[in-house]
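Good morning. Please have the sequence and the model open while I talk. I will go through salt bridges, then open and closed spaces, then a few single residues.

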Amino acid sequence: MTWSGGSFGETGTCVLAPNADIMTLDGTNTWVLRDPGSSRSVVVDPGPSIAAHLDAIDDAAGDVSVVLLTHHHADHSEAAREYAERHGCGVRALDPAYRLGSEGLGEGDVVAVGDLEVHVVATPGHTADSLSFVVPQDRAVLTGDTVLGRGTTVVAHPDGQLGAYLSSLQRLHALCGEQGISSVWPGHGPVIDDALGALDFYLAHREQRLAQVRDALRDLHAIAREGGSFPHETLPRAIVEIVYRDVDPVLWGAAELSVRAQLAYLTSPK
């Protein structure tokens with residue numbers, strides 16, 4: 001499925017950054033949010049510092065009131081300060097290191113620009129500073145890298161934590177059910193029109209991967225009991241080679257981050 005961004009709902013325009021690769025899928029989705037009756041906009045995740053991309057955001061955004069960040073990873077945040085300075089506005093983020101100006105961003109905040117409201121939901125897990133943004137007007141949630149438009153995301157251990165990530169998925173699921181949120185506007189990949197279905201899939205996938213990691217650990221311990229060696233120093237990679245054997249090895253480095261997060265989760269007190 002080819003994804004190129006575009007307009008969604010009453011308020012959303014996705015400007016796709018030209019930074020496609022194995023981790024960013026088609027590229028980073030920069031979201032421009034604007035009420036139809038307003039000339040002022042909110043820009044979410046300006047993405048990489050590529051002049052043509054920033055110009056494309058300008059074409060969609062008009063008068064930019066504020067830049068918001070879903071999290072600190074460079075493919076989302078690199079151009080944030082540069083772009084905000086271009087428009088004389090601030091950058092609001094959970095992590096103070098990525099802010100421009102005095103205003104932070106966190107759980108329960110409501111960013112209002114004209115009649116547009118963006119409600120902030122803390123969704124740590126992919127990273128410690130991950131946020132999601134609910135746009136009630138369009139019954140949509142911007143998820144950054146917490147939920148992708150295609151495939152599944154990496155829990156970037158040690159900054160990312162699996163327990164927090166599972167709680168965030170469960171929270172988003174409850175929020176979508178309670179508030180009638182139907183669409184996911186992700187940080188990479190196409191828009192998802194079945195938010196609850198996507199979250200059901202993500203939760204089931206994580207439980208499946210945890211079961212596979214448990215099974216791999218059991219098998220490795222069994223080999224050690226029979227006289228084989230146990231890969232203490234290289235355990236995460238050994239598990240990747242078992243659990244992710246059907247995944248392109250190019251992605252094994254990212255998979256190892258998730259396995260490290262899974263091992264930390266399995267060994268932490270519940």
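A salt bridge here is a side-chain nitrogen of Lys or Arg within 4 Å of a carboxyl oxygen of Asp or Glu. Keep in mind that this is a predicted model.

How many salt bridges does that rule give? The count comes to 11 salt bridges. I will take three pairs and one network.

The pair to begin with is Arg-171 and Glu-107, whose side chains meet in a salt bridge at 2.7 Å, N to O. This pair links distant parts of the chain, with the two positions 64 residues apart in the numbering. Arg-171 sits in helix 4, residues 162–179, while Glu-107 sits in the loop between strand 6 (90–92) and strand 7 (110–113). Are these two residues buried or exposed? The answer lies in between: Arg-171 is partly exposed because its relative accessible area is 35%, and Glu-107 is partly exposed because its relative accessible area is 43%. For reference, buried means under 20% and exposed means over 50%.

The next pair is found within one helix. Asp-215 and Arg-218 form a salt bridge at 3.4 Å, N to O. Both belong to helix 5 and are 3 residues apart, about one turn of the helix. Asp-215 is partly exposed, at 35% relative accessible area, and Arg-218 is also partly exposed, at 49%.

Helix 7 holds a pair of its own. The side chains of Glu-256 and Arg-260 meet in a salt bridge at 3.0 Å, N to O. They are 4 residues apart in helix 7, again about one turn of the helix. Which side of the cut-off does Glu-256 fall on, buried or exposed? Glu-256 has a relative accessible area of 15%, so it counts as buried. Its partner Arg-260, at 35%, is partly exposed.

As for the network, Asp-55, Asp-58 and Arg-86 are linked by salt bridges.

Now to the spaces. The largest pocket holds about 660 Å³ of space. Of the 26 residues that line this pocket, the closest to its centre are Met-23, Thr-152, Thr-153, Val-154 and Leu-251. Two elements give two or more residues to the lining: helix 5 (195–225) and helix 7 (252–267). Which element gives the largest share of the lining? That is helix 7, with 4 residues. Sorted by class, the pocket lining has 12 nonpolar, 9 polar and 5 charged residues.

Met-23 comes up again on the surface. Together with Ile-22 and Val-250, Met-23 makes a nonpolar surface patch of about 290 Å². Val-250 is found in the loop between helix 6 (235–243) and helix 7. Val-250 counts as exposed because its relative accessibility is 56%, and the cut-off for exposed is over 50%.

Closed spaces are next. How many cavities of 30 Å³ or more are counted? There is 1. The largest cavity has about 40 Å³ of space. Its lining includes Asn-29, Trp-31, Thr-70, Leu-142 and Trp-185. Strand 3 (29–33), strand 10 (140–144) and strand 11 (183–186) each supply at least two residues of that lining. Strand 10 gives the largest share, 3 residues. By class, the cavity lining has 5 nonpolar, 5 polar and 1 charged residues.

Asn-29, one of the lining residues of the largest cavity, deserves a second look. Asn-29 is placed in strand 3. With a relative accessible area of 0%, Asn-29 counts as buried. What separates Asn-29 from Gly-47 in space? Their C-alpha atoms are separated by 7.6 Å, though the two residues are 18 residues apart along the chain.

Thr-70, also among the residues lining the cavity, has a similar story to tell. Ser-130 and Thr-70 are 60 residues apart in sequence, yet 5.6 Å apart in space, C-alpha to C-alpha. Ser-130 lies in the loop between strand 8 (116–122) and strand 9 (131–135). Being in a loop does not settle whether a residue is buried or exposed: Ser-130 counts as buried because its relative accessibility is 3%, whereas Val-250, also in a loop, is exposed at 56%.

That is the end of my tour.

Notes. Residues numbered from 1 in each chain as written. Predicted model: local features only at pLDDT ≥ 70, side-chain atom pairs only at ≥ 80, totals over all residues. Heavy atoms only, no water. 1 Å grid on protein atoms, 1.4 Å probe; cavity = no way out; pocket = protein on both sides within 12 Å on 5 of 7 lines; lining within 4 Å. Points joined across faces, edges and corners; volume = space filled by probe spheres on them. Nonpolar A, V, L, I, M, F, W, Y, C, P; charged D, E, K, R; others polar. Patch = residues over 30% accessible without salt bridge, like charges linked within 9 Å, V, L, I, M, F, W, Y side chains within 5 Å. Areas by Shrake-Rupley, 256 points an atom, 1.4 Å probe, with all protein chains shown as cover. Buried < 20%, exposed > 50% of the residue type's maximum accessible area, 1.4 Å probe, protein only.
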